[in-house]
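Me: I have a model open and want the reasoning behind its labels. Can we go through them one at a time?

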Amino acid sequence: MPTSIALQTALGTDIENEQGTEISAFERNWSVRLAQDHPNAKFRTGLSPTYNCHGLTFASRRTRIWDVSLIQLILREDLFEEIKEQHHVLPGDIVIYRDYNGDATHSGIVADNVGPLFIPRVVSKWGSGPETFHALHDVPPVYGANHQFFRCRA
Amino acid sequence: MSLFSDVDREDLAKAAVVANTPSSLSSWLQRHPAVRGIAATAMETDILAELAEQLQQQRHTEVSIAVSYALLVALGMQRRAGSGLLGEPPQGVERLTWGPSIWDAMRAAAVPTSTGVIKADVPRIASYSDFGAATPIFGPDGHPIVRRG
């Protein structure tokens, strides 16, 4: 049975969440092929149903956050500021992937951003799949190609 | 016989397992060529029939769940392109964890596409030519509204 935990923003607003409990056979088979589909990515953990990408980025790997409106709320109430210039992005900043409506499809934590190209590499989690160390755009297509970077100023 | 090919079903399932939110899954499905094709060409009764068949399965798999979401989105796109009104969600959609929220979001975003023709009054314009030079144009109140030259 999925459960939720107490999770709040820095300003004390409750964040709805849910811990997953199951890994399916399909997910296991899919994860086996990840290394072939993304040969330049490094998979640093096994599968986990407990947390999703937003749970990694905003909830210390403890749970899943589904509601995209809550991502905007967290960014605002945890005092994140956008880093507009990609070459100013630093390890520890976060990246939010967005669809064409502007909704957050995915998130991750920047691990490095080295010149001269300054294409950040990111640690993020793909669904119930493993945490993955990957180049900014080396992600499943469902996450889209639009992104923004943020730094917490709290 | 499914409306989706085996390749499409596999593709849909791979996206469904990594989608982190209903919104991201829905917006990706709305751009998927197979979903768009079904929304454009399939009969609504066929979409509803396959959706019901998927939802009634005793044992759901990622493929059956992903196909269900894809059919739901295709149905919403088709209705939006038709009457512009999505109406009530198909029966059993609550069995999909994100089904109701995807349907509600599509319904909220749908804009009726019916059109109405409004016949507007044509403004009266008076003008005269003065010695072949500038031609001021006057509105009904007698004041110039355009001056050339």
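Me: Why is R121(A) called partly exposed?
Reply: This is a predicted model. R121(A) has a relative accessible area of 37%. Buried means under 20% and exposed over 50%. The value lies in between, so R121(A) is partly exposed.

Me: What makes D112(A) and R121(A) a salt bridge?
Reply: Their side chains meet at 2.8 Å, N to O. The rule asks for a side-chain nitrogen of Lys or Arg within 4 Å of a carboxyl oxygen of Asp or Glu. The pair of D112(A) and R121(A) therefore counts.

Me: Is D112(A) buried or exposed, and how do you know?
Reply: D112(A) has 16% relative accessibility. The cut-off for buried is under 20%. D112(A) therefore counts as buried.

Me: Which residues do salt bridges with shared partners join into one network?
Reply: R44(A), R61(A) and E131(A). Over all chains, the rule counts 10 salt bridges.

Me: What makes E81(A) and R153(A) a salt bridge?
Reply: The closest N and O atoms of the two are 2.9 Å apart. The limit is within 4 Å, so the pair passes.

Me: Why is this pair, E81(A) and R153(A), said to tie together parts of chain A?
Reply: E81(A) sits in strand β2, residues 80-83, while R153(A) falls in the segment after β7 (146-152). Those parts are 72 residues apart in sequence, so the salt bridge ties them together.

Me: How do you know how E81(A) and R153(A) rank for exposure?
Reply: E81(A) has 41% relative accessibility. R153(A) has a relative accessible area of 45%. Partly exposed runs between 20% and 50%, so both carry that label.

Me: How many salt bridges does the rule find across the interface of chain B and chain A?
Reply: It finds one. The side chains of R33(A) and E10(B) meet at 2.9 Å, N to O.

Me: Why does the pair of R33(A) and E10(B) join two chains?
Reply: R33(A) lies in helix α1 (residues 25-37) of chain A, and E10(B) in helix α1 of chain B, so the link runs between chains. R33(A) is partly exposed at 26%. E10(B) is partly exposed at 31%.

Me: What makes up the rest of the contact between chain B and chain A?
Reply: It takes 19 residues from chain B and 27 residues from chain A. The two chains bury about 1700 Å² between them, 59% of it on carbon and sulfur atoms. In chain B, V17(B), V18(B) and N20(B) lose the most area to chain A, together 34% of what that side buries. Eight residue pairs are in polar contact across the interface. On the side of chain B, α1 (6-18), α2 and α5 (62-82) each supply at least two residues. The largest share, seven residues, comes from α2(B). By type, that side divides into nine nonpolar, six polar and four charged residues.

Me: Why is S26(B) called buried?
Reply: S26(B) has 7% relative accessibility. That falls under 20%, so S26(B) counts as buried. S26(B) belongs to helix α2 (residues 22-31) of chain B. Beyond residues up to four places away in sequence, S26(B) touches V73(B), I102(B) and M106(B).

Me: What makes G102(A) partly exposed?
Reply: G102(A) has a relative accessible area of 31%. That is in between 20% and 50%, so the label follows. G102(A) lies in the loop between β3 (94-98) and β4 (104-112) of chain A.

Technical notes
Residues are numbered from 1 along each chain as its sequence is written. Chains are lettered from A and ligands numbered from 1 in the order in which they are written. This is a predicted model: local features need pLDDT of at least 70, side-chain atom pairs count only at pLDDT 80 or more; totals for chains, interfaces and linings use all residues. Side-chain values use heavy atoms; hydrogens and water are left out. Helices (H or I, at least four residues) and strands (E, at least two) are DSSP runs, numbered from the N terminus. Buried means under 20% relative accessible area, exposed over 50%, partly exposed in between (1.4 Å probe, protein chains only). Contact means heavy atoms within 4.5 Å. Buried area is the accessible area (1.4 Å probe) that two parts lose on being put together, summed over both. A polar contact is a pair of N or O atoms within 3.5 Å; within protein, one must be able to donate a hydrogen and the other to accept it, and residues adjacent in sequence count only if both atoms are side-chain atoms. Ala, Val, Leu, Ile, Met, Phe, Trp, Tyr, Cys and Pro count as nonpolar, Asp, Glu, Lys and Arg as charged, and the others, Gly among them, as polar.
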